[in-house]
Amino acid sequence: MKCLRIFADGRGESHFDEVDIPLSEVNFAPPAAPLQMSERLEARNLIFATLPQGWYGDWHPTPARQYFVLPTGSLEAEVSDGEVRRVTPGAAVLVEDTSGKGHVTRVLGDTEARGVFIQIP
């Protein structure tokens with residue numbers, strides 16, 4: 001499973017990358033059929049959020065190392081090297097730019113975006 005990543009380099013500039021989250025077949029909830037799952041990851045906090053239509057987050061670092069999962073709505077993220085990526089429903093983003101310039105986030109389209117922040121160690 002691929003996951004978009006936002007990180008800061010040693011100079012505080014932010015960039016995109018992709019990380020691969022390995023999945024393997026797990027008999028997770030018998031008698032239900034096995035499914036593809038990652039290994040368990042430790043989480044500190046789980047936060048549900050609604051970003052209203054037109055919301056704009058100017059340059060900011062992430063407040064914590066976290067995954068952001070977007071079930072509904074569309075976002076655009078820009079990193080300080082100038083690259084812009086669209087985040088669409090079903091996407092997961094590993095956000096690790098806790099220092100430096102950070103990134104810009106904006107809600108796209110005519111609806112709100114709803115997401116889940118999963119803060120990790």
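In strand β12, L46 finds its bridge partner in I118. That pair belongs to a set of seven bridges joining β5 to β12 (residues 113-119). The two strands run antiparallel. The model is predicted. The chain has twelve strands and zero helices.

**The chain as a whole**

- Along the sequence, the pattern reads β-β-β-β-β-β-β-β-β-β-β-β.
- The C-alpha atoms fill a box of roughly 50 × 35 × 25 Å, taken along the principal axes.
- The chain has 121 residues, and 35% of them count as buried.
- About 7300 Å² of the chain is exposed. Carbon and sulfur atoms supply 52% of that area.
- Contacts between residues at least 6 apart in sequence were sorted by separation: 68% of them join residues at least 24 apart.

**The open sheet**

- Six strands form an open sheet with mixed pairing. Their order is β2-β1-β10-β7-β12-β5.
- β2 and β5 (45-51) stand at the edges. Each has a single partner strand, so one side of each is left without a neighbour in the sheet.
- From one strand to the next, the twist averages 25 degrees.
- For edge strand β5, the seven bridges go to β12.
- In the sheet order, β7 sits between β10 and β12. Two residues of β7 are described below: L70 and Q66.

**H15, on edge strand β2**

- H15 lies in β2, which covers residues 14-20.
- Is H15 buried or exposed? H15 counts as buried, because its relative accessibility is 17% and the cut-off for buried is under 20%.
- The H15 side chain makes a polar contact with the side chain of D9, at 2.8 Å.
- The H15 side chain also reaches a backbone atom: the oxygen of E13, at 3.5 Å.
- Leaving aside neighbours within four places in sequence, H15 is in contact with R5, I6, F7, D9, V79 and D81. D9 is thus on the contact list and is a polar partner as well.

**L70, in strand β7**

- L70 lies in β7, which covers residues 66-72.
- L70 counts as buried, because its relative accessibility is 0%.
- Which residue lies 44 places from L70 along the chain, with the two C-alpha atoms separated by 6.3 Å? That residue is R114.
- R114 is also in contact with L70, as are A113 and G115.
- Other contacts of L70 include L75, V87, T88, P89, G90 and A91. Neighbours within four places in sequence are left aside here.

**Q66, also in strand β7**

- Q66 lies in β7.
- Q66 counts as buried, because its relative accessibility is 4%.
- With which side chains does the side chain of Q66 make polar contacts? One is T62, at 2.7 Å. Another is Q119, at 3.4 Å.
- Residues up to four places away in sequence aside, Q66 touches V93, L94, V95, F117, I118, Q119 and I120.
- I118 therefore appears twice: Q66 touches I118, and I118 is the bridge partner of L46.

Note on methods. Residues numbered from 1 in each chain as written. Predicted model: local features only at pLDDT ≥ 70, side-chain atom pairs only at ≥ 80, totals over all residues. Heavy atoms only, no water. Helix = DSSP H or I, 4+ residues; strand = E, 2+ residues; numbered from the N terminus. Buried < 20%, exposed > 50% of the residue type's maximum accessible area, 1.4 Å probe, protein only. Polar contact = N/O pair within 3.5 Å; in protein donor to acceptor, adjacent residues only side chain to side chain. Contact = heavy atoms within 4.5 Å. Axes fitted to C-alpha atoms, helices over the stretch in contact; angles between N-to-C directions. Areas by Shrake-Rupley, 256 points an atom, 1.4 Å probe, with all protein chains shown as cover.
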